[in-house]
Amino acid sequence: MVDLSDFTTYEWFALADAVIVASISTGMVEAAAAGKPVFSFDHRTLAERVYAPYGKDLILRNREDIVRVFRE
């Protein structure tokens, strides 16, 4: 969860090693623009249809997917 009262999203992304955002978040674009690895957790099961062309590791579906991307 990002607290924007003290930092902007750009400042948080500058500090982050990787970013996990909701699939409908503009944070996905912001993190990618900042050059950070970005992943989306698809809690609505709709994102795969929209973002599938961008790679199989963009959309995380369960906790095993989250662990896998950080181990690779």
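A salt bridge is a side-chain nitrogen of Lys or Arg within 4 Å of a carboxyl oxygen of Asp or Glu. I begin with that term, as I searched the whole structure for such pairs and found two. The model I am working from is predicted.

**Entry 1: confidence and layout**

I looked up the confidence before anything else. The mean pLDDT of the chain is 78, and 88% of the residues reach 70 or more. I then asked where confidence is lowest and where it is highest. Helix H3, residues 47–51, has the lowest confidence, with a mean of 73, while H2 has the highest, at 84.

Next I listed the elements. The chain has four helices and three strands. Read from the N terminus, their order is α-β-α-β-α-β-α.

**Entry 2: the two salt bridges**

I went back to the charged pairs. Side chains of opposite charge can pair when their charged atoms come close.

One pair is Arg63 with Glu64, where the closest N and O atoms are 3.5 Å apart. I checked the exposure of both partners. Arg63 has a relative accessible area of 66%, so I noted it as exposed. Glu64, at 46%, is partly exposed.

The other pair is Asp65 with Arg68, and here the closest N and O atoms are 3.3 Å apart. How far apart are Asp65 and Arg68 along helix H4? They are three residues apart in this helix, which spans residues 63–71, so about one helical turn separates them. Is Asp65 buried or exposed? Asp65 has a relative accessible area of 12%, and because buried means under 20%, I wrote it down as buried. Its partner Arg68 is partly exposed, at 28% relative accessibility.

**Entry 3: the nonpolar core**

I looked up which residues form the largest nonpolar core. This core has 10 residues: Phe13, Ala16, Val19, Val21, Met28, Ala31, Val38, Ala47, Leu58 and Ile59. Strand E1 (19–22) and helix H2 (27–33) each give at least two residues to this core.

I picked out Ala31 and asked what it touches. Leaving aside residues up to four places away in sequence, Ala31 is in contact with Phe13, Val19, Lys36 and Val38.

I also picked out Ala47, another residue of the core. Ala47 sits in helix H3. Its relative accessibility is 5%, so Ala47 counts as buried. I took one distance from Ala47 as well. Leu60 is 13 residues away from Ala47 in sequence, and their C-alpha atoms are 9.8 Å apart in space.

**Entry 4: the surface**

I then turned to the outside of the chain. Which residues form a nonpolar patch on the surface? I found Phe7, Trp12 and Leu15, with about 300 Å² of accessible area together. Trp12 belongs to helix H1, residues 9–15. Trp12 has a relative accessible area of 32%, so I noted it as partly exposed.

For the chain as a whole, I noted about 5,300 Å² of exposed area. Carbon and sulfur atoms supply 58% of this area.

**Entry 5: totals for the chain**

I closed with two totals. The chain has 72 residues, and 28% of them are buried. I also looked at contacts with a separation of 6 or more: residues 24 or more positions apart account for 12% of these.

Technical notes: Residues are numbered from 1 along each chain as its sequence is written. This is a predicted model: local features need pLDDT of at least 70, side-chain atom pairs count only at pLDDT 80 or more; totals for chains, interfaces and linings use all residues. Side-chain values use heavy atoms; hydrogens and water are left out. A nonpolar core is a set of buried Ala, Val, Leu, Ile, Met, Phe, Trp, Tyr and Cys residues joined through side-chain atoms within 4.5 Å. Buried means under 20% relative accessible area, exposed over 50%, partly exposed in between (1.4 Å probe, protein chains only). Contact means heavy atoms within 4.5 Å. Patches are made of residues with over 30% relative accessible area and no salt bridge: like charges are joined within 9 Å, nonpolar side chains (Val, Leu, Ile, Met, Phe, Trp, Tyr) within 5 Å. Accessible areas come from the Shrake-Rupley method with a 1.4 Å probe; for residues, only the protein chains shown count as cover. pLDDT is the predictor's confidence in each residue, from 0 to 100.
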